[in-house]
Amino acid sequence: MTLADVIAGIVFAALNAYALLGGADYGGGVWDLLAGGPRKERQRERIAEAIGPVWEANHVWLILALVLLFTCFPPAFARLGILLHIPLSLVLIGIVLRGSAFTFWRYGGQADDEQRHWGVVFAVASLVTPLLLGTAAGAIASGALGEEGKGSGGGFSARYVAPWLTPFALSVGVFAVVAFAFLAAVYLTLEAEEPELREDFRRRGLGAGAALFGAALLVLLLSRGGAPRVREGLIFAPWAAPLHVCTAAAALTALAALWRRRYRVARMAAALQVSLILWGWGLSQYPYLLPPDLTIAAAAAPAVTLRLVLGTLALGGVVLLPSLYYLFRVFKSIEPRA
Amino acid sequence: MPDLLAARSQMGVSLAFHIVFAVVGIAMPVMMVVAERRWQVTGHAIYLDLAKRWAKGTAILFAVGAVSGTVLSFELGLLWPGFMRFAGAIIGMPFSLEGFAFFTEAIFLGIYLYGWGRIPPQAHLVAGALVAVSGALSGVFVVIANAWMNAPTGFHVVNGRVVDIDPLAALANPAALSQTIHMTLAAYAATGFAVAGIHAFFLLKNPANAFHRRALAIALIVGAPTALLQPLSGDFSARHVARHQPAKLAAMEALFATRAAAPLTLGGWPDMEARETRFGVRIPYGLSLLAFHDPGAVVEGLDMVSRDEWPNVAAVHLSFQVMVGLGAYLALVALWAGWLAWRRSDLAHNRWLMRAVALATPMGFIAVEAGWMVTELGRQPWVIQGVLKTADAVTPMPGLVVPFLVFTLLYCFLGVTVAWLLYRQIVRSPAAPEWRGFYMPDEQAR
Ligand code: HDD
Ligand code: HEM
Ligand code: HEM
């Protein structure tokens, strides 16, 4: 394993953290959109209270991954910027609208109708943004961003649209939305104060967990034509079988724990499940950063840069990790709320 | 609209939008912390109210700053992949450091905003102080990256390939010190005067209002000293520019011909075709004195670079004049307020001073925007001075006018909304306790 591999792993770990934390914030927005039943307003309140203190910090994981990517793998960043210009621009619009609408809604003063419009913008953007982010990830996995940044050649749409507007990439987008909604529902069971509210989120978690199986199946089916390389890895690599066993175990544990109202276990298992799926993807396209032709080694910055970044990460971690721990200790109870 | 122009415009709009929120994010936490500390020391609830109201406004501005900053990070790749391919490995370092500064900032902001009553008062104050420190640091790091674009160091180009990369040397580039000092001071001066101006406006109506009197004092403590230092720091920057980017200096000063004992041109309209500046007021030896501290020094004019490497002289010259003019105004008002405070005179009852401060509300922000126009437009046509042309850095993606228009509209919409929400909060917030008309002399607050 080279230094570049280590850093690629760290970038991926940051994305993993973003999926588990920032992803759940998107998922919360999805449940805001789908809020219903007699406790509709309570659900929305609770979701907003859970997101409020942490969403900005959770969001920085994405920035960190991005910054590390352009520092340590500049050609990969440049290629992504060119070929995924359209979906990433849309993601940005989503991020801008979601973050500002949330704040306008919560901090705008009077709780009137005008304020509720912001709540709706927040919820819709929370649904669309991960869909597009997932689609971008799907485009990478499908190996459509190859040939030295030329895409699949040809005209505008062949180059800038075709790589990501595929059934496979879109199915990854759907998968991301469902996974984030699942995480959010599971986390929210621990946030809810009243038992009825907790039940609301528990039912949603069970539904989303089941839907996640469906979404995973869809991705798998479409990967045959859509992402052969990743599919190969996921089936034939030596690590594939143990990974699948662990993922399946985590998934089943999550659902069973949710069913039996063991919420803390459910949270651990759900987070593990989503992480394992992500690492499965990462491992299956190793050593490529952007399959089929850009490897980690080829994209890596010179060793001085990598070493310095690693030092920076170590130093930053010393500041970051205790701070994060404190943030979550203050706002996220380990025990279910009494 | 040509694609290059659209990309430049989109970058310019995004940065000009973001900088407003970034500046507030750097300076506002300082004021909140001072107010909260005074509350803890004096026990007077008026300061607590102040800290909380400022925090509410800051929460809105901060969120918009965070999302618009995210847009910028992506745009570096979406619009300038050529730049990032070239520069990523060299100046990624400050961006990575900035990433950690953002993290601490966002974490402790969350703790600060939502932690009232949940954590001990001292811990709350420390959280606020950490937000202030990491806000200033994130500004410093990103400006170092920008300074490197003006004075690139830490690499060599051999046969079109970048070799000998030294990220630490890039970090320590010669423009870094002057730019970071100037920018950090600018953040405090602009925000301090904006806040002071708003409260001065209310004090004009009722100089006895205890709430606005306290707010004014804190805002001026942050804004006035920094505004006084700003011309000194600007002179430091200008001398640096004179040495490293002579074409930019020539454009700032609208100096077409190289000459010794160069005069300083105030105002005027540079005519790029005729290569002369009309209607300006000239101060003999002024420019040589300012740029090199020597009345006879030779100052390079635009004739030293070929015509196709000129920046837009009129825009750069005009922006520079605007910044310096506003900077002079702010420094004078700061001096005046400082003099009165030293004489222990009651600032809030001095109507002329209050008018002058109220007038200054937008000025720091306009100066910040103008200053960045000087820096960025003055660097053209280079994205990395003398190394990489902007035209070679832009994405090959066609149709860039579309994202430019979309983001511009989005930002206009957000800008109006933020202004409306803040207005609603500052002016009409019905939940505000009525400090109005409640007069409390200073001694009582002890
Ligand atoms: C409150 C805001 C503010 C005020 C009052 C001033 N400036 Fe400024 N100036 C900025 C805010 C600013 C800025 C927006 O922050 C810039 C843009 C880039 C930078 O580093 O600072 C800047 C850039 C900038 C530059 C270009 C640096 C470069 O391109 O590397 C020069 C030469 C000056 N300034 C000089 C001055 C002088 C002589 C001032 C005298 C009054 C002055 N500034 C007041
Ligand atoms: C926030 C304050 C800033 C403002 C208002 C600002 C303004 C602008 C403007 C107006 C342009 C377009 C210039 C033109 O093409 O004519 C531009 C370009 C650019 N700026 Fe800045 N800038 C700021 C800070 C920065 C910083 C800190 C960086 C750091 C890395 C940066 C990087 C760039 C790049 C890469 C371009 C595109 C290439 C170019 O046109 O030179 N800017 N900026
Ligand atoms: C190319 C230029 C720039 C890029 C890529 C950039 C990037 C970012 C990003 C990603 C964030 C969000 C962090 C979060 O989620 O909390 C942010 C926020 C911030 N940026 Fe920028 N930025 C740029 C220019 C500037 C400049 C010129 C300054 C100031 C001098 C600045 C100061 C800040 C500050 C203080 C914040 C914290 C959030 C806030 O205060 O609203 N940035 N920036």
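This is a short talk on a predicted model with chains A and B, going through the chains and then three ligands bound at chain B.

I'll begin with chain A. It has 14 helices and two strands. Its radius of gyration is 20 Å, close to the 20 Å that the globule rule gives for 338 residues, so chain A is as compact as a globular protein of that length. Along the principal axes, its C-alpha atoms fill a box of roughly 55 × 45 × 45 Å. As for burial, 58% of the 338 residues count as buried. If we take the contacts in chain A between residues at least 6 apart in sequence, 81% of them join residues at least 24 apart.

Now chain B. Here there are 15 helices and ten strands. A compact globule of 446 residues would have a radius of gyration near 22 Å, and the 23 Å of chain B agrees with that. The C-alpha trace spans about 70 × 45 × 40 Å along its principal axes. Of the 446 residues, 59% count as buried. For contacts between residues at least 6 apart in sequence, the share joining residues at least 24 apart is 77% in chain B.

Next, the ligands, starting with ligand 1. Which residues come closest to ligand 1? There are 24 residues around this ligand, and the closest are His182(B), Lys248(B), Met323(B), Val368(B) and Thr375(B). Two of those five also appear in the polar pairs I want to show. A polar side-chain atom of Lys248(B) lies 2.7 Å from an oxygen atom of ligand 1. For His182(B), the partner is a nitrogen atom of the ligand, at 2.8 Å. Gln179(B) also places a polar side-chain atom 3.3 Å from an oxygen atom of ligand 1. In terms of elements, those giving two or more residues to this shell are α6 (176-205), α7 (210-244), α8 (246-252), α10 (313-342) and α12 (363-379), in chain B. The most comes from α7(B), with seven residues. Sorted by class, the shell has twelve nonpolar, ten polar and two charged residues.

While we are on α7, look at Gln230(B), which is found in that helix of chain B. Is Gln230(B) buried or exposed? Its relative accessible area is 14%, under the 20% limit, so Gln230(B) counts as buried. Apart from neighbours within four places in sequence, Gln230(B) is in contact with His182(B), Leu185(B) and Ala186(B). His182(B) we have just met beside ligand 1.

On to ligand 2, which contains an iron atom. What does the protein give to that iron as a donor? The only protein donor is Glu376(B), through OE, at 2.3 Å. Glu376(B) sits in helix α12 of chain B. Around the ligand there are 22 residues, and the nearest are Arg8(B), Leu15(B), Glu376(B), Arg379(B) and Gln380(B). In the side chain of Arg8(B), an N or O atom is 2.5 Å from an oxygen atom of ligand 2. Arg379(B) has a polar side-chain atom 2.9 Å from an oxygen atom of the ligand, and for Gln380(B) the corresponding distance is 2.9 Å. The elements of chain B that give two or more residues to the shell of ligand 2 are α1 (3-42), α3 (81-114), α4 (121-150), α12 and β9 (382-384). The largest share is that of α1(B), at six residues. By class, the shell divides into 15 nonpolar, four polar and three charged residues.

Helix α12 of chain B also holds Met373(B). How much of this residue is accessible? The relative accessible area is 31%, and Met373(B) is partly exposed because that value falls between the 20% and 50% limits. Not counting residues up to four places away in sequence, Met373(B) touches Ala16(B), Ser319(B) and Gly378(B). For a longer reach, take Trp269(B): Met373(B) and Trp269(B) are 104 residues apart along the chain, and their C-alpha atoms are separated by 17 Å.

Last, ligand 3. Which residue donates to its iron atom? His18(B) is the only protein donor, through NE2, at 2.1 Å. His18(B) lies in helix α1 of chain B, the helix that gives the largest share of the shell around ligand 2.

To close, the two iron donors again: Glu376(B) for ligand 2, and His18(B) for ligand 3.

Note on methods. Residues are numbered from 1 along each chain as its sequence is written. Chains are lettered from A and ligands numbered from 1 in the order in which they are written. This is a predicted model: local features need pLDDT of at least 70, side-chain atom pairs count only at pLDDT 80 or more; totals for chains, interfaces and linings use all residues. Side-chain values use heavy atoms; hydrogens and water are left out. A residue is near a molecule or strand if one of its heavy atoms lies within 4 Å of it. A polar contact is a pair of N or O atoms within 3.5 Å; within protein, one must be able to donate a hydrogen and the other to accept it, and residues adjacent in sequence count only if both atoms are side-chain atoms. Helices (H or I, at least four residues) and strands (E, at least two) are DSSP runs, numbered from the N terminus. Ala, Val, Leu, Ile, Met, Phe, Trp, Tyr, Cys and Pro count as nonpolar, Asp, Glu, Lys and Arg as charged, and the others, Gly among them, as polar. Donors are N, O and S atoms within 2.8 Å of the metal (3.2 Å for Na, K and Ca); water is not among the atoms, so sites may look incomplete. Buried means under 20% relative accessible area, exposed over 50%, partly exposed in between (1.4 Å probe, protein chains only). Contact means heavy atoms within 4.5 Å. The radius of gyration is taken over C-alpha atoms; the globule rule is 2.2 Å times the number of residues to the power 0.38.
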